[in-house]
Amino acid sequence: MHRHALTDEQWELISPLIPRSTATTGRPAKDPRLMLDGILWILATGAPWRDLPARFGSCKTVHRYFTHWQADGVFLRVLNALQIKLDEKGLIDWGLWCVDGASVRASRAAGGADKKVSNDIPMNPKTTHWAEVAADSARSSIWSLTAVELPLRLKSLRGKSTNRPVPSR
């Protein structure tokens with residue numbers, strides 16, 4: 001058993017959710033378990049597709065399976081099924097939320113700008129209403145941005161001639 005490969009128990013749990021090829025012509029379909037193991041290897045290691053080990057087959061084939069399954073929502077169905085199973089066992093705390101730290105804003109100086117900032121540029125911009133709503137309620141931040149913040153910006157456009165209709169509240 002390889003390091004990032006699915007165990008037999010894990011495969012049995014999700015195998016009904018993985019689509020099987022029903023084509024009767026052309027090349028025979030690859031083993032979906034092997035393709036999923038290749039996809040998981042890439043996701044776990046962060047390696048480029050071209051560095052996929054030969055035991056998984058062609059990196060182009062594994063990538064094709066990945067893109068098709070991603071577009072068909074296979075991974076979303078697997079995730080939902082696993083969440084339901086874990087929730088039934090009481091292993092998921094839905095009150096716990098984590099913030100992804102992968103996107104961290106760099107300082108102005110990191111981008112090559114001058115370290116000194118003029119007084120007219122606020123150092124800590126005010127949190128927008130849509131960000132507060134997104135962090136505090138079940139509504140999506142896109143809905144709040146469209147419903148609350150956008151009309152405030154469009155008020156300045158009402159005096160100008162535009163071909164676009166201006167939404168009203």
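**A note on this helical model**

1. A good place to start is helix H4, residues 74-88. With 15 residues at 1.5 Å a residue, H4 should span 21 Å, and its end C-alpha atoms are indeed 21 Å apart, so expectation and model agree. Please keep in mind that this is a predicted model. Just after H4 comes glycine 90, which takes a positive phi of about 75 degrees.

2. Now for the overall picture. The protein has 6 helices and 0 strands, and reading along the sequence gives the pattern α-α-α-α-α-α. Of its 169 residues, 19% are buried. If you take the contacts between residues at least 6 apart in sequence, 38% of them join residues at least 24 apart.

3. Helix H2 passes the length check too. Its 14 residues, at 1.5 Å a residue, should span 20 Å, and the end C-alpha atoms of H2 lie 20 Å apart, which agrees. Just after H2, glycine 46 has a positive phi of about 75 degrees.

4. Which residues of H2 are buried? They are Pro32, Arg33, Met35, Leu36, Asp37, Gly38, Ile39, Trp41 and Ile42. As you look at them, it may help to recall that an α-helix has 3.6 residues a turn, so residues three or four places apart point the same way. The cover over the buried residues of H2 includes H1, H3 and H4.

5. Next, look at how H2 (residues 32-45) sits against H3 (residues 59-72): the two pack at an angle of about 90 degrees, and their axes are 9 Å apart. Because angles of 65 to 115 degrees count as roughly perpendicular, H2 is roughly perpendicular to H3. On the H2 side, Pro32, Met35, Leu36, Gly38 and Ile39 take part, meeting Thr61, Val62, Tyr65, Phe66 and Trp69 of H3. The residues of this contact divide into 8 nonpolar, 2 polar and no charged.

6. H3 also meets H4. Here the axes come within 5 Å and cross at roughly 65 degrees, which makes H3 roughly perpendicular to H4. Phe66, Trp69, Gln70 and Asp72 from H3 meet Val74, Phe75 and Arg77 from H4. This contact's residues divide into 4 nonpolar, 1 polar and 2 charged.

7. The largest nonpolar core is worth a slow look. Which of its 18 residues touch the most other members? Those are Ile18, Leu36 and Trp69. At least two residues of this core come from each of H1 (8-14), H2, H3 and H4, and the largest share, 5 residues, is supplied by H2.

8. Two tryptophans round off the tour. Tryptophan 69, one of the H3 residues that meet H2, has contacts with Ile18, Pro19, Pro32, Met35, Leu36, Ile39, Val74 and Phe75, leaving aside its neighbours within four places in sequence. Tryptophan 94 has its place in the loop between H4 and helix H5 (129-136). Its relative accessibility is 44%, so tryptophan 94 counts as partly exposed. Not counting residues up to four places away in sequence, tryptophan 94 touches Gln83 and Asp87.

How values were computed: Residues are numbered from 1 along each chain as its sequence is written. This is a predicted model: local features need pLDDT of at least 70, side-chain atom pairs count only at pLDDT 80 or more; totals for chains, interfaces and linings use all residues. Side-chain values use heavy atoms; hydrogens and water are left out. Axes are lines fitted to C-alpha atoms, for helices over the stretch in contact, and angles run from 0 to 180 degrees between N-to-C directions. Helices (H or I, at least four residues) and strands (E, at least two) are DSSP runs, numbered from the N terminus. Angles under 35 degrees count as roughly parallel, over 145 as roughly antiparallel, 65 to 115 as roughly perpendicular and the rest as oblique. Contact means heavy atoms within 4.5 Å. Ala, Val, Leu, Ile, Met, Phe, Trp, Tyr, Cys and Pro count as nonpolar, Asp, Glu, Lys and Arg as charged, and the others, Gly among them, as polar. A nonpolar core is a set of buried Ala, Val, Leu, Ile, Met, Phe, Trp, Tyr and Cys residues joined through side-chain atoms within 4.5 Å. Buried means under 20% relative accessible area, exposed over 50%, partly exposed in between (1.4 Å probe, protein chains only). The expected span of a helix is 1.5 Å times one less than its number of residues.
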